[in-house]
Amino acid sequence: MKNSVLTRYRVMAYVTAVWLLVFTVAIIAKYVFETGDTMVISQIHGVLFIIYVVFAFDLGSKAKWPFGKLLWVLAAGCIPVASFFVEPKITREAKPLITDGPASAVAKA
């Protein structure tokens, strides 16, 4: 697996998590304080979440995850702040699977 696969997942995990928090705050502001509109924020989060799902599937297929683990990772993108806890764990598990680092370049020589 290439490092770029993990990097894409990590970036989208954090970006999606931040936008989900922004969306959560906007929903609270809309219904509790009766201010603002959430249409644009929800659409941005929706597009980012779709990209996150694609990158998570890509990482999961290359890491040969079982389907249950993939669902767990995808669910983390739906729960505010969960991605901030799940992403480091997934990164620790996926790093040994990376084959395009400096060590593999030496091994190929």
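In this predicted model, the cover over the buried residues of helix 2 includes helix 1, helix 3 and helix 4. The residues of helix 2 that are buried comprise H45, L48, Y52, A56, D58, L59, G60 and A63. Helix 2 contains 25 residues, which at 1.5 Å a residue should span 36 Å; the C-alpha atoms at its ends lie 36 Å apart, and the two values therefore agree. Just beyond helix 2, K64 adopts a positive phi of about 60°.

The largest nonpolar core contains 20 residues, and the members that touch the most others are Y9, Y52, L59, W65, V73 and I90. Two or more residues of this core are supplied by each of helix 1, helix 2 (39-63), helix 3 (67-76) and helix 4. With neighbours within four places in sequence set aside, W65 contacts A56, L59, G60, L70, V73 and I90. Of these partners, A56, L59 and G60 are among the buried residues of helix 2.

Helix 1 (residues 3-32) packs with helix 4 (residues 82-94) at an angle of about 175°, and their axes are 10 Å apart. Because angles over 145 degrees count as roughly antiparallel, helix 1 and helix 4 are assigned to that class. On the helix 1 side, the contact is formed by L6, Y9, R10, A13, Y14, A17, V18 and L21; on the helix 4 side, the participants are S83, F84, V86, E87, P88, I90, T91 and A94. By class, the residues of this contact comprise twelve nonpolar, two polar and two charged. Y9 and I90, both part of the contact between helix 1 and helix 4, also appear among the core members that touch the most others.

Methods
Residues are numbered from 1 along each chain as its sequence is written. This is a predicted model: local features need pLDDT of at least 70, side-chain atom pairs count only at pLDDT 80 or more; totals for chains, interfaces and linings use all residues. Side-chain values use heavy atoms; hydrogens and water are left out. Axes are lines fitted to C-alpha atoms, for helices over the stretch in contact, and angles run from 0 to 180 degrees between N-to-C directions. Helices (H or I, at least four residues) and strands (E, at least two) are DSSP runs, numbered from the N terminus. Angles under 35 degrees count as roughly parallel, over 145 as roughly antiparallel, 65 to 115 as roughly perpendicular and the rest as oblique. Contact means heavy atoms within 4.5 Å. Ala, Val, Leu, Ile, Met, Phe, Trp, Tyr, Cys and Pro count as nonpolar, Asp, Glu, Lys and Arg as charged, and the others, Gly among them, as polar. A nonpolar core is a set of buried Ala, Val, Leu, Ile, Met, Phe, Trp, Tyr and Cys residues joined through side-chain atoms within 4.5 Å. Buried means under 20% relative accessible area, exposed over 50%, partly exposed in between (1.4 Å probe, protein chains only). The expected span of a helix is 1.5 Å times one less than its number of residues.
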